[in-house]
Amino acid sequence: MRILRVVSILVLLALAVGPVPASASGVGEDRTGVALDAATIPELQASMDRGRLSSVRLTKAYLARIRALDGKIHAVLAVDRTAVAQAAASDRRRDRGDTLGPLDGIPVLLKDNVDTKGQATTAGSRAMRAKPPANDAWLVRRLRAAGAVILGKTNLSEWANFRSTNGTSGWSGVGGQTNNPYVLDRNPCGSSSGSGAGVAASLAQVAIGTETDGSIVCPAGANGVVGHKPSLGLVSRTGIVPISAEQDTAGPMARHVVDAAITLSALQSRDPADPATGEYPADQPRDYAALLSPDALHGARIGVWRQAGLDADVDRVVEESVATLRARGAIVVDVDMPYRDEIGAAELPALVTEFARDLPAYLKGRRGVPRTIAEIVEFNRRDPVELSKFGQELLEQALTAPGTDDPEYLLQRATATSLARRSIDETMAEHDLDAIVSPTNGPAWQTTYGDGDEGFLLESSAPAAVSGYPNIAVPAGYAGELPIGVSFFAGRWQDATVLAYAAEFETANPVRHAPRLLSGD
C-alpha cells in the first residue's frame with residue numbers, strides 16, 4: 001500500500017486560479033483552508049481526526065469554490081441545501097468516535113441522472129424538472145451509509161448523450177454547456193461532463209459519473225482526472241436514468257486514484273433489484289484502496305494499444321507513458337484490438353432497442369414526468385430550448401426500434417458483447433498480458449453546435465464498455481494546456497488490478513496540474 005503523506009492544513013484555501021478572498025472562501029474568520037486540488041481522502045481524514053479540519057469547513061470550502069468558479073465552468077446544476085447539515089452530522093459522529101469509514105464527511109457530487117430523494121433528477125432534460133424522485137438511487141443510499149456529504153448534482157450531456165446523432169457533449173437543456181476548465185472554449189467530453197469538469201476544478205472531492213460507452217473515461221481524460229468504469233455488476237443501476245442494462249454502470253471520478261478506489265469500495269454492493277450485482281464473485285475485494293501497491297507494475301505484462309498516427313501529442317504522451325511503465329518494471333508489448341468495426345456496427349442499433357425498453361421502465365417509477373419516449377419527443381418539439389442546438393434523432397429512432405425479442409436485435413447484441421469480450425480476452429491470452437493500456441482521448445476540441453463533436457479524435461473505451469469489463473483513465477500528459485489520459489483495462493472483475501496499475505502509474509508520472517480556466521481562442 002502506498003505511504004500517504006499527511007497534508008498540512010494551510011492558511012489559505014488553494015484555488016486553481018488563485019486564492020479566493022476570505023469573504024468568498026466560505027471558511028469564516030478562522031481563515032483555515034485546505035489545498036484541495038492536492039489533498040487525498042486519506043489526508044483529509046487524517047486532518048479531521050487530528051482536529052485540524054472539520055467536514056463542515058471542508059464542505060463550505062467546496063461550496064465557496066462552486067460559487068466562485070462555476071459561473072465559468074457550468075459543471076454544477078444544483079447544490080444540495082442540506083449539505084452543511086450532512087457535514088455537521090459527520091462531525092458529530094467523529095466527535096463520538098463513530099465515523100462510518102473513509103468517506104465519512106467527504107463531499108461528493110452526483111451526475112444528474114442519479115436519483116436523489118427530494119432533489120431534482122433531470123438527466124439534463126427540461127421535461128424531467130417537475131417533481132424530484134421519491135427515493136434515492138441505490139448507490140446514493142450506499143454513499144449516505146458511508147457518511148459521504150451529497151454536495152449536489154452535476155450537468156451532463158442530455159439523456160447521457162443518447163438524444164442526437166449530432167449532439168454536442170456537455171450540453172443539456174437544463175444546464176446549458178459545461179466547459180472544460182483547462183481551456184473554457186474546449187469541450188469537456190461526455191456524458192459525465194459536469195462530474196469530470198467539477199472534480200478537475202476542485203468543486204468536490206469526488207463525483208459520480210455513469211458510462212454506457214466512454215462517458216466516464218472520456219471526460220476523465222479530457223479534464224485531467226481519474227475515472228473508473230467498474231466491471232458491470234459491481235455497482236447497482238437502480239435509480240439511474242438508463243440507456244441500456246447491458247452496458248450501463250456508474251463509477252467514481254476523482255483527482256487521485258486512491259480516492260476512486262475508496263469510493264468504489266463504498267459503491268460496490270449486491271442489490272436485489274439489479275440482478276447484475278449478483279454476478280460478481282464472492283471473493284471480490286471489498287477495500288480496493290488497501291490493495292494499491294507501490295510495486296504493482298513490477299513484472300506485469302502490459303499490452304499497449306497505441307492508436308498511433310492520429311495526433312502527434314497523443315503519440316508523444318503514449319511513448320512517455322510506455323517509458324514510465326518500463327521504468328517501473330513492467331514488460332510492455334505492442335498490441336492491436338481486433339473486431340472493432342464489427343463491434344461498432346452492432347453496438348448502436350442494439351443500444352437503441354435497449355433504450356426503448358429501459359427508459360420507459362424507469363419513467364414509470366417517477367412522478368410528474370413523461371411516461372414514454374413519445375411524450376419526451378413531443379415535449380422537445382414544443383419547448384423553446386430543447387431543440388435549439390441539435391436534434392433528437394436517437395429518441396425518434398427509439399420510437400420505431402424493434403423489440404428485444406427481435407432476431408436481428410438478438411444477433412446485434414450477441415455480436416457486440418461476444419466480440420468485445422473476445423477482443424480483450426484473446427489479446428490478453430495471445431500475449432500473456434495482465435492489462436492493456438491505450439490513450440483515453442485526444443486533445444479537447446472547440447465546442448461548437450451543428451456538427452456535433454466535430455473535433456473528437458480517438459477513443460479506447462469500446463472494448464471494455466461493450467464487454468462490461470473494468471476501465472480506468474488516469475492523467476498522462478498534456479497537449480499544450482489540454483489534458484491527455486491513458487486507460488488501463490483488463491478482464492472481467494479485474495478492477496483491483498487496473499486500479500493498482502493506475503495508482504502506481506500516477507505516482508511515477510505525477511504530471512497533473514490544476515486547471516487555470518484559460519479563455520481559449
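**Figure 1. Residues S157, E158, N161, R163, S164, G167, T168, W171 and F390 line the largest cavity of this predicted model.** The space in this cavity amounts to about 50 Å³. In total, three cavities of 30 Å³ or more are present in the structure. Sorted by class, the lining of the largest cavity comprises two nonpolar, five polar and two charged residues.

**Figure 2. Close-up of F390, one of the residues that line the largest cavity.** F390 belongs to the loop between helix 12 (373-382) and helix 13 (393-399). The relative accessible area of F390 is 10%, which is under 20%, so the residue is classed as buried. Although F390 and T165 are 225 residues apart along the chain, a separation of 8.9 Å is found between their C-alpha atoms.

**Figure 3. The largest pocket holds about 1,000 Å³ of space.** Its lining consists of 38 residues, of which N161, D213, E347, F456 and E459 are the closest to the pocket centre. Two or more lining residues come from each of helix 6 (158-161), helix 11 (340-363) and helix 15 (462-467). Helix 11 provides the largest share, with six residues. The lining of the largest pocket contains 16 nonpolar, 16 polar and six charged residues. N161 also appears in the lining of the largest cavity.

**Figure 4. The second largest pocket encloses about 570 Å³ of space.** Among the 32 residues that line this pocket, R237, T238, G239, I240 and Y362 are the closest to its centre. At least two lining residues are supplied by each of helix 5 (138-145), strand 6 (206-211) and helix 11. The largest share of this lining is again drawn from helix 11, here with three residues. In terms of class, twelve nonpolar, eleven polar and nine charged residues make up the lining of the second largest pocket.

**Figure 5. C189 and C218 form the one disulfide of the structure.** A disulfide is a covalent bond between the sulfur atoms of two cysteines. In this model, the sulfur atoms of C189 and C218 are 1.9 Å apart. The torsion about their S-S bond is about 100 degrees, and the disulfide is therefore right-handed. The pair links distant parts of the chain, 29 residues apart: C189 is located in the loop between strand 5 (176-177) and helix 7 (193-200), and C218 in helix 8 (residues 217-222). Both cysteines, C189 and C218, are buried.

**Figure 6. Y182 and Y478 form a tilted aromatic pair.** This pair is one of six aromatic pairs found in a search of the whole structure. The ring centres of Y182 and Y478 lie 5.9 Å apart, with 55 degrees between the planes. Distant parts of the chain are linked by the pair, for Y182 is placed in the loop between strand 5 and helix 7, whereas Y478 is part of strand 12 (residues 471-479), 296 residues apart. Y182 and Y478 are both buried. The loop that carries Y182 also carries C189 of the disulfide.

**Figure 7. F488 and F505 form an edge-to-face aromatic pair.** The centres of the two rings are 5.8 Å apart, and the planes of F488 and F505 meet at 65 degrees; because this angle is over 60, the pair is edge-to-face. F488 is situated in strand 13 (residues 482-489) and F505 in helix 16 (residues 495-508), so the contact ties together parts that are 17 residues apart in sequence. Both F488 and F505 are buried.

**Figure 8. Two charged side chains, R270 and K389, lie over the faces of tyrosine rings.** R270 is positioned over the face of Y280, at 3.8 Å from the ring centre. K389 is positioned over the face of Y449, at 4.5 Å from the ring centre.

**Figure 9. Close-up of V149 in strand 3 (residues 149-154).** The relative accessible area of V149 is 0%, which is under 20%, so V149 is classed as buried. A distance of 30 Å separates the C-alpha atoms of V149 and P281, and these two residues are 132 residues apart along the chain.

Technical notes:
Residues are numbered from 1 along each chain as its sequence is written. This is a predicted model: local features need pLDDT of at least 70, side-chain atom pairs count only at pLDDT 80 or more; totals for chains, interfaces and linings use all residues. Side-chain values use heavy atoms; hydrogens and water are left out. A disulfide is a pair of cysteine sulfur atoms within 2.5 Å. Helices (H or I, at least four residues) and strands (E, at least two) are DSSP runs, numbered from the N terminus. Buried means under 20% relative accessible area, exposed over 50%, partly exposed in between (1.4 Å probe, protein chains only). Rings of Phe, Tyr and Trp (its six-membered ring) pair if their centres lie within 6.5 Å; planes under 30 degrees apart count as stacked, over 60 as edge-to-face and the rest as tilted. A charge sits over a ring if NZ of Lys or CZ of Arg is within 6 Å of the ring centre and within 35 degrees of the ring normal. On a 1 Å grid over the protein atoms alone, a cavity is a set of points where a 1.4 Å probe fits but cannot get out, and a pocket is an open set with protein on both sides within 12 Å along at least five of seven lines; lining residues have an atom within 4 Å of a point. Grid points are joined across faces, edges and corners, and a volume is the space filled by probe spheres set on the points. Ala, Val, Leu, Ile, Met, Phe, Trp, Tyr, Cys and Pro count as nonpolar, Asp, Glu, Lys and Arg as charged, and the others, Gly among them, as polar.
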